Amino acid sequence: RQLLGAQHHLREQQESSGVLDPDVSGKAILEADFKLREQLESVVVEQVALNDLIPQVTSGKVDARRLAAYPSFLKSPGINDLLGQLGRLEAERAILLQQRTEQEPNVAGRMEGIKVIEAQLLPLANTYATSLAKQRTELERMRDSLDRQLAAIPGAAESSLTLQREVRRLSTTELAVQAQRVEARLAAIGEGGDARQVDVAEPSKKPAFPTPAISFGVGGGSGLVLGLIAALMAAFMGRTIKTPDEAERAAGIVAGWARERSALLIAHDGTFKKVLVAPLGNGANAPAVGRILTATETARERPVDVAAIGSLDTVEGAAQLGAGKAVLFAAKAGKLERRTLIDAVNALRRAGVPCAGLALHDDLA
């Protein structure tokens, strides 16, 4: 991992600096810088000479034909064509002057043609001077870029050499570790000494053990036992009533929450005129439930009387209530056991007393 990390850092350094081999890159950049400086010096010399000649031609101190003799102009086919025309007109003018005067039309026409060609040389010189200025600016920019690259070579070379030395060190260590691993494997192979084969190993006829029948039997039995244990634990953990839905499923009666400033509805079939609130289970607050039920019944059109009584979970106690009365059980959520609720409801049914339901509550004052 260290070797891979060192190789990764070396690659990142080479990519960021653009220098793979400092010696080769430095030599190439230096040679390119020398050639560029030679070109720049040549351009500067031409620009200085041309800029010195153009003002003299413009002011009339020097003949425009001097521009035609400029070395760079002589390389241009267009300039050579103009020079050819100029030489031909000069020759024809010299021949005509031997027989005629300068006022003759033929001689004057040649003179005018010579002036036109000379006038074309100055704009061409100005254009070439502008081109030399642009070329000089570009060459100077390239020279500065090469100078910056040369200035960065020493730092890149130092960083690259450090990373390369680390890669070589880790490579040597990795090769040594690989050699030790090979030696260890060879030593492990040779630990058998002069071992020889005593008999031929034969595969068993039944390689799978235990058999599928035993596996299915053991698995089924284990699953049955674990399922029974899980069912018993679920029954034990879920033996208390925590919500009205659980009470309705367990005893088949109407159940609801008794909470402050909330209506408490009961099962009223019109056969009773008074509801007795009986506590059921630990923590039951029958008076508070009776107060909430009284507030609810007061708002009804035909309210029933509400009274709180003591514990009522036997047939004998339910039979003493008398006719026209119903019982509403009050219990605290999570404290009432299923069996207690079922026994109390069955006691009411055997005594023929209507059950108005079950009111669950949390903490009531």
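This is a short tour of the structure, stop by stop, with something to select at each one. Keep in mind that you are looking at a predicted model.

**Whole chain**

Start with everything shown as a cartoon. The chain has 11 helices and seven strands. Colour by burial next: of its 365 residues, 28% count as buried. Switch on a surface and you get about 23,900 Å² of exposed area, with carbon and sulfur atoms supplying 56% of it. If you like contact maps, consider the contacts with a separation of 6 or more: residues 24 or more positions apart account for 79% of them.

**Helix α2 and D33**

Select residues 22–59, which make up helix α2, and show D33 and R37 as sticks. What joins these two side chains? A salt bridge, with the closest N and O atoms 2.9 Å apart. D33 and R37 are four residues apart in the helix, so about one helical turn separates them. That spacing is handy in general, because an α-helix has 3.6 residues a turn and residues three or four places apart point the same way.

Is D33 buried or exposed? D33 counts as buried because its relative accessibility is 4%, under the 20% cut-off. Its partner R37 sits at 32% and so counts as partly exposed. Now expand the selection around D33, skipping neighbours within four places in sequence: D33 is in contact with R143, L146, D147 and L150.

**Helix α6: A157 and a second salt bridge**

Move to residues 105–189, helix α6. Pick A157, which is found in this helix and is buried, with a relative accessible area of 16%. Then add G26 and draw a C-alpha to C-alpha distance: A157 and G26 are 9.5 Å apart in space, although 131 residues apart in sequence.

Still in α6, select R169 and E166. They form a salt bridge whose closest N and O atoms are 2.6 Å apart. The two are three residues apart in the helix, so this is again a separation of about one helical turn. Both ends get some exposure: R169 counts as partly exposed at 43% relative accessibility, and E166 counts as partly exposed at 31%.

**Helix α7: a nonpolar patch**

Now bring the surface back and select V225, L226, I229 and M233. Together they make a nonpolar surface patch of about 390 Å². To place it in the fold, pick I229, which is in helix α7, residues 212–237. I229 counts as partly exposed because its relative accessibility is 42%.

**The loop after β2: R261**

Go to R261, in the loop between β2 (255–257) and β3. Check its backbone torsions: phi is near 55°, a positive value in a residue other than glycine. Is R261 buried or exposed? R261 is exposed, because its relative accessible area is 85%.

**Helix α9 and its strands**

Select residues 286–298 for helix α9. Its 13 residues reach 18 Å from first C-alpha to last, close to the 18 Å expected at 1.5 Å a residue. At its N-terminal end, show N285 as sticks: N285 caps the helix, with a side-chain oxygen 3.3 Å from the backbone nitrogen of A288.

Which residues of α9 are buried? They are A286, A288, V289, G290, I292, L293, T296 and E297. And what do these buried residues pack against? Show the strands β3 (274–279), β4 (305–308), β5 (325–332) and β7 (355–361), and you have the partners.

**Helix α11: last stop**

Finish on residues 338–351, helix α11, where D343 and R339 lie four residues apart, about one turn of the helix. Their side chains meet in a salt bridge, 3.7 Å from N to O. On the acid side, D343 is partly exposed, given a relative accessible area of 35%. On the other side, R339 counts as exposed because its relative accessibility is 52%.

As background to these pairs, side chains of opposite charge can pair when their charged atoms come close. If you want to keep hunting, how many salt bridges does the structure hold? The count is eight, including the ones at R37 and D33, R169 and E166, and D343 and R339.

Technical notes
Residues are numbered from 1 along each chain as its sequence is written. This is a predicted model: local features need pLDDT of at least 70, side-chain atom pairs count only at pLDDT 80 or more; totals for chains, interfaces and linings use all residues. Side-chain values use heavy atoms; hydrogens and water are left out. Patches are made of residues with over 30% relative accessible area and no salt bridge: like charges are joined within 9 Å, nonpolar side chains (Val, Leu, Ile, Met, Phe, Trp, Tyr) within 5 Å. Accessible areas come from the Shrake-Rupley method with a 1.4 Å probe; for residues, only the protein chains shown count as cover. A salt bridge is a side-chain nitrogen of Lys or Arg within 4 Å of a carboxyl oxygen of Asp or Glu. Buried means under 20% relative accessible area, exposed over 50%, partly exposed in between (1.4 Å probe, protein chains only). Contact means heavy atoms within 4.5 Å. The expected span of a helix is 1.5 Å times one less than its number of residues. A polar contact is a pair of N or O atoms within 3.5 Å; within protein, one must be able to donate a hydrogen and the other to accept it, and residues adjacent in sequence count only if both atoms are side-chain atoms.
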